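I wanted to go through some strand pairing and ring contacts by hand today. These are my notes as I went.

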Amino acid sequence: MKPRSRMESPVVFVLILSMITFETAPAYSQSIHASENPLPVGSEVTLFSPANVTTGAWMFNNAIIVMIFPGNKIITNSWSSRVTYNTTTSSLTIRSLQVENSGLYTLEALNLFHAQLTLSVQVPISNVTLRAKATNLVEFNDTAVLMCSVSNGSSLSYVWLKGSSVVTAGGGVQLSDGGATLTIVSVTRYDEGPYKCNVSNGVSSEISLPVQLNISYGPSNITMKLTPMKYIYRTGSNITLSCSVESSPPAIIQWMVNGVYLNELTPRLQLESVSESNSGNYQCSFHNTVTSRFTSTSEMIEILAPLAAVVVNHTGGPAILNEPFTMHCEVTGSPDAIQWWRNGQLLSADNTTVFTMGNKTLTLNPVQHSDNGTFQCTAFNYVSNLTSSLYTVVVNYGPRKPVITGPSMALAGTWENLSCSSASYPPSHFNWYFNDSLVATTSKLAIGPLTLNMSGKYTCMAFNNITGKNSTAYTMLTVLAPVTMATIKTVGAQPILNHTFTLTCETAGDVNAIMWMYGSSPLYADNTRNLTMDNATLTFDPVMRSDNGQYRCVASNPVSNLTSEIFMLDVFYGPEMPTITGPNVAKAGDSVTLRCNASSNPVSIYEWFFNDSLVANMSEYVTPPLTRDMSGMYTCMAYNNITGKNSTAYTMLTTVDPITDVEVEAPMNPAIAGDVYNLTCNVTGPSEHVYWMKNDEPLHEDNRTVFSMDNKTVTFNPLEQNDTGDYQCMANSAVWNMSSPSYELLVNFGPETPVIDGPAFAETGRTAVFQCSAKSEPGSQFSWWFNGTEVANTSVFSTGPLSFNMSGEYTCVAYNKVTGKNSTNSKTLTVIKAIEAAITSSTVPINTKNFTLTCEVTGPYDMIYWIKDNMQLNWDMSRATANMSYHLENNMLHFTPLTLHNYGMYQCVAMDQTGQHASPLYKLVVNYGPAAVNIFGPNSAAVDTLVSLTCSAGSWPECDFVWFFNNQSSVLMAGSDITFLALKMNEGNYTCKARNPVTNIIMYTTKAFTVDHASTLHIPSQGRWMLMSLFALSLTVLLS
């Protein structure tokens, strides 16, 4: 029998074991990471295990590479020369990779995990070449084909570039051969440019040299521009025609006018000092010799000469009102239109304004006054306009009917002027005639000095020597003599009231009318004033006081008047019934004044009589000091010595004694509410009325307040609290009044039912305070009773430290020593056990975990609520603060889950019948992390420099940190900082492990560090020997 290989039995054993185990044991999915992926052919890769594997296998496309078992491993023969397995980290290193090594790599950790990684090994790209089937193409005619190729490379990806822009498929752009061929169907000018292809795979990329596509196009988008741009040009102008077109290569241009070729082959055609003969159709044509395409465009140019002169003339005679008048607009040049203007306003045709001959002739038929003014005509063509000079039209008319101004009557001996005027142009000539005899040849006629025989008919005739017309008018003049006198005189007796009185107006001269004036107004006859037929006499029948005033008479004729001097009429009357003023009642010992007045003209003479005896002869009578026997009738008599009449009146005077004292008297017994009580007003002296006042306001009767017959006594039945106040009584007589001093009525009442202020519940060991008050006058005396025993004699009662046997009824008694009454009220106090609150928790508060606070209360309570940072937490979570998730259950506050926003100071408040009891403050510190673990420090450093790396993490409390190097399981160093020299042996991956000692959460982060070999340290030869010695010594130690 052939001997077995040294590795055969273990291999068979492990394979059988793995097959059985892999089918039955569960494994958890993990991930493998490679030192590089993808990577080029011939390179080396290390596949890292997520954890150390003691039993398992590395496989490639389900074929085993390495079998792993405790303390050993087996590498298959096909991989043994190129594979290294690290038993410490379970990583696999493969060297000299080929394309066929691409595929699925699997690490099976027996009963632990299953990890996979797809590795891609690629051939680097080289010699990218781009070629085109053709590079010179014609727009719309040709198709561009570009082909990209490489000498070496695998897993190729193609990106096409035009300039710096990426070309994508779509429209006329097509990609084929896996993107290696670019086809542009029916190229356009916008496809012109440099094209490149960028070939890449996971390990390399290369861009080809550019290939330029040249696209011939056009001519197209032809435009012709005229400078300046006008519809019609003026002769002498300079015109530039410019043609442009889009074309590649540039197109050949040719110019034509009216179909005739011009000797001009540039894009600009210059026309200078043009004349009308240069008008025509201008065309430019383009031809592209490569595309064999043509295009052309044209513009019509019209040239016109400007107008030279414009003049307004007329035919026939002058412009005469209501006759026709014609004007002509004479133009040098070719006008397109003519407009007429009058006084700067544009004219339009109407029933009197007529235009003919293309507006060259303007006829006013007939001429009107409104046609006066300046006329102009304006001629237009497209390149000019010209306006004539002003032509003035003056309308001749008249004369119209003359107007004569001057008097129709005149005063003998004076001069008068008559003026004649007539509307006419030019102004008329005038002639004056008196009784058909010519007296003047001017518009004004002066006559005088006038005599009575110069009255008659005066005629004016006006004549216009242009229109050949005349017109006449006349006026009548009457000559009169003047008024020389007007005087008012009285006739008969004096003007006494209710008698007849007559005035007459005496005149001299030629008087046609007499008018009477009263004040400044004309006077007319009425039922008491009569005028004679000629108005010469005015009679008052009878005369009245209302007729008093100023009178004048005015005598007049049409040319003169005269006013008399003022006559003042003053009517005599009276005396009327006298009026007596003075008191009817007077105080004994006083003097009084009596005054008498009677309306009268002239003023009356007065006499006073007492009991028919004359006591005074003037209108005012002052008595001596009065006595009781001077009461009686006092008579006044008034007499008018012109009218001869008298009139009398009398008054009665009574003399009385004064009031000397008024007092308010009250009973001796106190005023107590509910009793009957009287106030009396004692008056010394005669009084007619007594009035009562309370607090300076009148006191009125009601159903409790009653006055005696003489008002001297007021009775309160019964007396009430609101009767308290200041009272006065006032006594009045006909000549005197006096008020008493104020009397203060103070109503004693009460006590009413006491009001007790104090708690209904109190806690054992504490003190309760009760306060008793009761309305009362005077103030009450108080006593406190508990279970029939007096415990205090003040209004405020404070218990001692409370115990349960002090529960019961506490009674307050109020007593009024004046009313002799007392009143009681009670309050029940219940003593309950005192309570205290405290917050506890049974778990450690960790971020994102559920957490509960419990409010522990000693003793019975009614309810509990929670406070965070002095703000009460809501029972309704819909109103809870943002970023906080919690709910309340009995005496517990549940955080579901706890977050960093829950950090703060908490209290729970227990409420019972005595009030609120808050727990001591509880500081909730949320433990969290580590989060966001970071390593701070350089990624590389120069050889032999000192390097420091610092590991940090967001955490509470602070994390414990340890360091690992190159995935080794042994700890390199503990602490957040690590320091080492930048040496080749220290290159690699530094892993920081952060662990929170409370949350027990662990997080890793890794930082790669390399040594910058470009920076070398220069060591002298002597130092070099020292380093070599140190290395030899270190090597000996390591080997031993």
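**Strands first**

I started with strand E77 (residues 781–786), which pairs with strand E80 (residues 808–816) in the antiparallel sense, over six bridges. Worth jotting down before going on: this is a predicted model. I looked up one position at the start of my list, Gln781, and found its bridge partner in E80 to be Tyr815.

Next I checked what else E77 pairs with, and strand E78 (residues 789–792) came up: antiparallel again, over three bridges. Here I picked Trp785, whose bridge partner in E78 is Glu790. How many residues sit between E77 and E78 in their hairpin? I get two, and Asn787 in that turn has a positive phi of about 55°.

A reminder to self for reading side chains here: in a regular strand they alternate between the two faces of the sheet.

**Rings**

I then listed the aromatic pairs and got 22 for the structure. The one I opened up was Phe980 with Tyr990, a stacked pair at 4.7 Å centre to centre, with 5° between the planes. Which parts does this pair tie together? Phe980 lies in strand E96 (residues 977–981) and Tyr990 in strand E97 (residues 988–995), so the contact joins parts that are ten residues apart in sequence.

Buried or exposed, I asked of Phe980? Its relative accessibility is 9%, and the cut-off for buried is under 20%, so I logged Phe980 as buried. Tyr990 has a relative accessible area of 2%, so I logged Tyr990 as buried too.

Phe980 has another ring partner, Phe1009: the centres are 5.3 Å apart and the planes at 80°. Edge-to-face needs an angle over 60 degrees, so I filed this pair under edge-to-face. Phe1009 lies in strand E98 (residues 1002–1012) and Phe980 in E96, so this pair ties together parts that are 29 residues apart in sequence. I checked burial for this pair as well, and both Phe980 and Phe1009 are buried.

Back around E77, I followed the ring pairs and ended up with a cluster linking Phe770, Trp784, Phe786, Phe797 and Tyr810.

**Charges over rings**

Last look of the day: which Lys lies over the face of Tyr474? I found Lys457 there, at 4.4 Å from the ring centre. I also noted Arg529, with its charged end over the ring of Tyr518, 5.7 Å from the centre.

Terms used
Residues numbered from 1 in each chain as written. Predicted model: local features only at pLDDT ≥ 70, side-chain atom pairs only at ≥ 80, totals over all residues. Heavy atoms only, no water. Pairing = 2+ DSSP bridges. Helix = DSSP H or I, 4+ residues; strand = E, 2+ residues; numbered from the N terminus. Phe/Tyr/Trp six-rings, centres within 6.5 Å; stacked < 30°, edge-to-face > 60°. Buried < 20%, exposed > 50% of the residue type's maximum accessible area, 1.4 Å probe, protein only. Lys NZ or Arg CZ within 6 Å of the ring centre and 35° of its normal.
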